[in-house]
Amino acid sequence: MQALPSDLSDSPHAKRPRVWGWVLLAPMIAWLALFVIVPMGILFVYSFCSRDDLGRVVFEFTWDNYRRVFDPIYLAVLGRSVGYAALTTALCVMLGYPVAWFIARQREEVRNRLLLLVMIPFWTSFLIRTYAWITILKSEGLLNGFLLSAKVIPAPLEILYTPAAVVIGLVYAYLPFMILPIYGSAEKLDNALVDAAHDLGAGPVRAFSEVIVPLTWPGIAAGVLLVFVPAIGMFAITDLMGGAKVPMIGNVIQNQFFKARNWPFGAALGVVFTMMFIFAYALLQRRGARHSQS
Amino acid sequence: MIEIQDVTKRFGDFTAVNNVSLRVEAGEFITLLGPSGCGKTTLLRMLSGFETPDAGVIRIGGEDVTHLAPYRRNVNQVFQSYALFPHMTVRENIGFGLRMQKVASAEAARRIEEVVALVALQGFEDRKPTQLSGGQRQRVALARAIVPRPSVLLLDEPLSALDAKLRGQMQIELKRLQKHLGMTFVFVTHDQEEALTMSDRIAVFNRGRLEQLGTATEIYHQPQTAFVADFIGEANLLPAELISRGETTARVRIEGGLELTVSAAQWPADVTRALVSVRPEKVHVSKKPVECENVFEARVTEELFQGALDRLDLEFTGGTKLTAVVANESALLEAIHAGDRVWCGLHTDDLVVVRME
């Protein structure tokens, strides 16, 4: 299956799809150029500008915004954001991997039904689901009500509006984005390879670390990216479930644009932030290439 | 070396392996032969530990392994799909088992080098499986399975993905390798020719049951059931009824009215109806009357040229049909063609009697 790409390029019809490929891609390229590249460019330019007293962008070159990004206050926020996002990603891998693996090992009808269950939350608005979590976690909420009546705890737990609530919310929101790509890799993994590892004396742990993880690495990497990147910039969950007590970088940027009306500084934060992702992505890619090269 | 005792395995309502008992001696090349779904692969998977019997006991080297995990068994398998790790090189694939056994790296390197030479893969050590041909992958799978020195090597139709010519070569190579290593081989196949070529003994399976266990010659010349007679090679199976029984021979009437003389020892003592099995190559066909215990006149209904052999469909008075295979030279000499009337002879010793199912 890994020989497939080279097989395709060897075929005599390889030339035609290339031309058609560009034609078919054109609408998406136009879309991305207009709504991603151009805004990024604007952001980049703004990040070197300053603002007047009314919050309007003044086109006067300055490094001030970047200097402010590296102010300890913002670095602390950035560090916290990375920490929360990393914790969220780690929890998603730990919770999502077994689920993805389990689904991938089922018969096809069962597999499709379970995948549907994973995707069902997307049918409801994300905000509504976050409010549902608030009713579960608040001090007189469902969880505390249950634990109190079961006499597991003497007094209600304070979970809502703490960092724990933020992480719970983030893990809940992004878990499907971890499960689906890992499932994609796990489903393609030939069971005979796992059998072969056991047959050659690898116990469950060795078989997992030596064979299963390397061969599902593309799925893990994709899942990590799909969870970590949006989690670090998330502001709705931190606002609603963290009670704005634990601001993350997403909240800070949002505030610069909408409350403080300091677009140039918000833009500089955004640019630094994006650079960080590109760096992290390149790192992951390199790791992935080492694992799955054939 | 291997003792399989009253082993049964069910999948839901389906009984894959039905009360099978089998002993395999150390250093033996034994083949589990049968059509797909006959239980041979399930039995193999119970030897490797991927399936657990519902009933019965499996011992390997005297140790009860019935419920032992695959990674705790001193048994290795060559998988049908080879199951080479795509993210590892040939060397890493072969060394995997040694690494799991925590063999010291110098020792491991030496053993890998040795086995690479044994399967003639020198120069391919640093390739990935995708950069190898089917035959080379097959040899990597073999090397990977023998290098940890298992007490038993299990082979699950390892040659089925190769083309006919390569398959023939590998059959001979495998047999030679098995003798060289003195290792016990359990080989699974549905290809009767492969089984006859390589095995010390063959276990023929049908619908979860062990039909017959014996050497290639025994299985071929003395099939004990109609299934074995029909599955190994080709057989004309003629329903017959006992007329009289003498000291050394018995007289039977086959459907259509022809009477045959068979060896009395062949006919089971407790039945009056059974099947007479005769191999197509044991049917003697000639334009002149032949010297034989059983001689009949027949008409050739069809002639099929098959290169070295000529295949004749014969019809006797009364409508009994028989297939004969003759060497083509004689067909040329005597020029037997469709429509000809011929003499057909059957030696008593070539007639094998099997029970009706």
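These legends walk through several close-up views of a predicted model. Residues are numbered from 1 along each chain as its sequence is written, while chains are lettered from A and ligands numbered from 1 in the order in which they are written. Because the model is predicted, local features need pLDDT of at least 70 and side-chain atom pairs count only at pLDDT 80 or more, whereas totals for chains, interfaces and linings use all residues.

**View 1. A six-stranded open sheet in chain B.**
Follow the sheet across and you meet its strands in the order β6-β7-β8-β3-β9-β10 of chain B, with mixed pairing. Strands here are DSSP runs of E with at least two residues, helices are runs of H or I with at least four, and both are numbered from the N terminus. Two strands pair if DSSP finds at least two bridges between them. β6 (75–78) and β10 (209–214) of chain B sit at the edges with a single partner strand each, so one side of each has no neighbour in the sheet. On average, neighbouring strands are turned by 20 degrees against each other, direction ignored.

**View 2. The β10 edge, and a helix over β6 and β7 of chain B.**
β9 (residues 201–206) of chain B pairs with β10(B) in the antiparallel sense, over five bridges. Look for Ile202(B), whose bridge partner in β10(B) is Gly214(B). Helix α4 (residues 134–146) of chain B lies across β6 and β7 (152–156) of chain B, and runs at about 175 degrees to β6(B). Axes are lines fitted to C-alpha atoms, for helices over the stretch in contact, and angles between N-to-C directions run from 0 to 180 degrees.

**View 3. Two packed helices in chain A.**
Here α8 (residues 163–188) and α10 (residues 204–233) of chain A pack at an angle of about 160 degrees, their axes 7 Å apart. That makes α8(A) and α10(A) roughly antiparallel (angles over 145 degrees count as such, under 35 as roughly parallel, 65 to 115 as roughly perpendicular and the rest as oblique). Among the residues making the contact are Tyr174(A) and Phe177(A) of α8(A), along with Leu226(A) and Val227(A) of α10(A); residues are in contact if their C-beta atoms, placed from the backbone, lie within 7 Å. By class, this contact has 14 nonpolar, five polar and no charged residues. Ala, Val, Leu, Ile, Met, Phe, Trp, Tyr, Cys and Pro count as nonpolar, Asp, Glu, Lys and Arg as charged, and the others, Gly among them, as polar.

**View 4. Where chain A touches chain B.**
Chain A brings 20 residues to this contact and chain B brings 19. On the chain A side, α9 (191–199), α10 and α13 (263–292) give two or more residues each, and α9(A) gives the most, with six.

**View 5. A hairpin in chain B.**
β12 (residues 249–254) and β13 (residues 259–263) of chain B pair in the antiparallel sense over five bridges. Thr249(B) has Ser263(B) as its bridge partner in β13(B). Four residues lie between the two strands, and Gly256(B) in the turn has a positive phi of about 105 degrees.

**View 6. Two residues of chain B with positive phi.**
Asp6(B), found in β1 (residues 2–11) of chain B, has a phi near 50 degrees without being a glycine. Asp6(B) is exposed, with 11 other C-beta atoms within 10 Å. Arg149(B), not a glycine either, has a positive phi of about 55 degrees and lies in the loop between α4 and β7 of chain B. Arg149(B) is partly exposed, with 15 other C-beta atoms within 10 Å. For these words, a residue is buried if 20 or more other C-beta atoms (placed from the backbone) lie within 10 Å of its own, exposed if 12 or fewer, and partly exposed in between.

How values were computed
Two residues are in contact if their C-beta atoms, placed from the backbone, lie within 7 Å.
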